[in-house]
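Let's take a walk through this structure together, one neighbourhood at a time. Keep the viewer open and turn the model as you read.

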Amino acid sequence: MPEYYDSLETRDPEERERSLMAALSGQIAHARSNAPGWGRILAEVDPATVTSRAALARLPVTRKSDLIALQRAERPLGGLNATPVPQLGKIFVSPGPIYDPEGRGRDWWRVSRALFAAGFRAGDLAVNTFAHHFTPAGSMLESGALALGCAVVPSGTGQTEMQVATIADLRVSAYMGTPSFLKLIVEKAGELKADIGSLKKAAVSAEYLPPALRGVMGERGIRVLQSYASADLGLIAYESEALEGMILDESLILEIVRPGTGDPVSEGEVGEVVVTTFNPDYPLVRFGTGDLSAVLPGVSPCGRTNTRIRGWMGRADQTTKVKGMFVHPSQVAEVVKRHREIFKARLIVDNPGGDDRMTLRCEVHGAPPPGLAQAIAESIRSVTQLRGEVAFAKPGELPNDGKVIEDAKKYG
């Protein structure tokens, strides 16, 4: 029988949806009233009307790429924090720089749910190899493990031989860190002939987990599960023992939108991960992560009933330079919006003979009417200030990979 972190994980999906939507307007009101940045962004929004996904989808998307400018305009957090900075617990610094808060609550990043799914239990001794300075990963995982009742060795990154000695001496049972560093530790233990057989479970994140590496670790008696988190949102989704997609955290609303827009895509279509949180300290509303993913149909065989996603599938910000000018996904979306015959498009940028060229491939129903290609080309010129060609595709012909702009330029 599978074990669950709490009863929320197995509730009826309709009950979950009702609960999230019932709480949504209150969170919007909280953000508008207590965070000046959200007060400006949501100035035209009546929170009482935001009680459905359709209403939520009409709100603006605030993207991670917007944070640098927002924070420069209003230090340190762009006014997006509802709790004053002196009442927060920590401020982290990500490249950019982007400043990310941590509040004072227990398991503030909600990571304990993912660790539980990975087999972590009270009494485990867990080595935490994520960095504990500037970026929040170390603090994030530590707080989740402590909330479960684990003891933590904050080992941080590097010093592989010392990591091996620590695991062997203390009989560490659990690992937190990147999959590649776990591989280095296990290989170093083999070189040193050190006994790290106490290590039985690993919660990994922050980079791709190759199936072959999971298999090799499994052969050594180490079960490896991964989670998907960000410095802004904390835990987003996590793997369970079923190993079929990643299960969304219980306290988030997920949307998958077409890159460059705020428009939700059909279930199964790849798009940008947009998340709304119920965090009272840092209430992110329609926060665009810049990551690509897609919703998987059905529920997990493990019995958890929340939405599943395919995990991280690349970056949504596909801005590309053409003839010295940047072309953005939002511009492609604007061209598509001007022509109702187009229901999906992909801008291909290549450079035959060394000269940059743009071709907008458009999926349309039926035969394109006369003059449509020329009209679309004129829209491309109007929106991007660049000349582009137009090619038509049949429905379903364009790849389902979330790409709105494909940079196919070749160099050398």
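A good place to begin is S300, which touches S240, A242, I247 and R308, leaving aside residues up to four places away in sequence. Keep in mind as you look that this is a predicted model. S300 sits in the loop between β14 (295-296) and β15 (308-309). Is this loop residue buried or exposed? S300 counts as buried because its relative accessibility is 4%, and the cut-off for buried is under 20%.

One of the contacts of S300, I247, leads us to strand β10, which spans residues 246-248. Strand β10 is joined to β9 by two bridges, and the two strands run antiparallel. Look for A237, whose bridge partner in β10 is L248. A237 of β9 also stands opposite Y228. Strands β8 and β9 are antiparallel too, with four bridges joining them, and they form a hairpin with three residues between them. How many of the residues of β9 (234-238) are buried? Five of its five are, and the strand is described as mostly covered.

From β8 (223-230) we can step across to helix α9, whose buried residues pack against both this strand and α8. Helix α9 covers residues 211-219, and its buried residues are L213, R214 and M217. Why do these residues line one face of the helix? Viewed down the axis of α9, they fall within an arc of 100°, so they share one face. The face turned away from that buried side carries P211, A212 and E219, which are exposed. Just past the end of α9, check the backbone at G221, where phi is positive at about 85°.

Now follow α8 (residues 179-192) to another partner, helix α7 (residues 160-170). Two packed helices are described by the angle between their axes and the distance between the axes. Here the angle is about 75° and the axes lie 9 Å apart, which means that α7 is roughly perpendicular to α8. On the α7 side, the contact is made by T160, E161, Q163, V164 and I167, which meet F181, L184, I185, K188, A189 and L192 of α8. Sorted by class, this contact has seven nonpolar, two polar and two charged residues.

The next stop is an open sheet of four strands, in the order β1-β13-β12-β11 and with mixed pairing. Strands of a sheet pair through backbone hydrogen bonds, either parallel or antiparallel. Which strands lie at the edges? They are β1 (62-63) and β11 (252-257), each of which pairs on one side only. Helix α1 (residues 13-34) packs on this sheet, touching β11 and β12 (271-277), and its direction makes about 90° with that of β11. Back at the β1 edge, two bridges join that strand to β13 (residues 287-293), and the two run parallel. One residue to find here is R63, whose bridge partner in β13 is G288.

Finish inside the sheet with V274, which is found in strand β12. V274 counts as buried because its relative accessibility is 0%. Leaving out residues up to four places away in sequence, V274 touches V61, I253, L254, E255, V257, R286, F287 and G288. For a sense of distance, compare V274 with L70: they are 204 residues apart in sequence, and 18 Å apart in space from C-alpha to C-alpha.

Technical notes. Residues numbered from 1 in each chain as written. Predicted model: local features only at pLDDT ≥ 70, side-chain atom pairs only at ≥ 80, totals over all residues. Heavy atoms only, no water. Axes fitted to C-alpha atoms, helices over the stretch in contact; angles between N-to-C directions. Parallel < 35°, antiparallel > 145°, perpendicular 65-115°, else oblique. Contact = heavy atoms within 4.5 Å. Nonpolar A, V, L, I, M, F, W, Y, C, P; charged D, E, K, R; others polar. Pairing = 2+ DSSP bridges. Buried < 20%, exposed > 50% of the residue type's maximum accessible area, 1.4 Å probe, protein only. Arc of directions from axis to C-beta.
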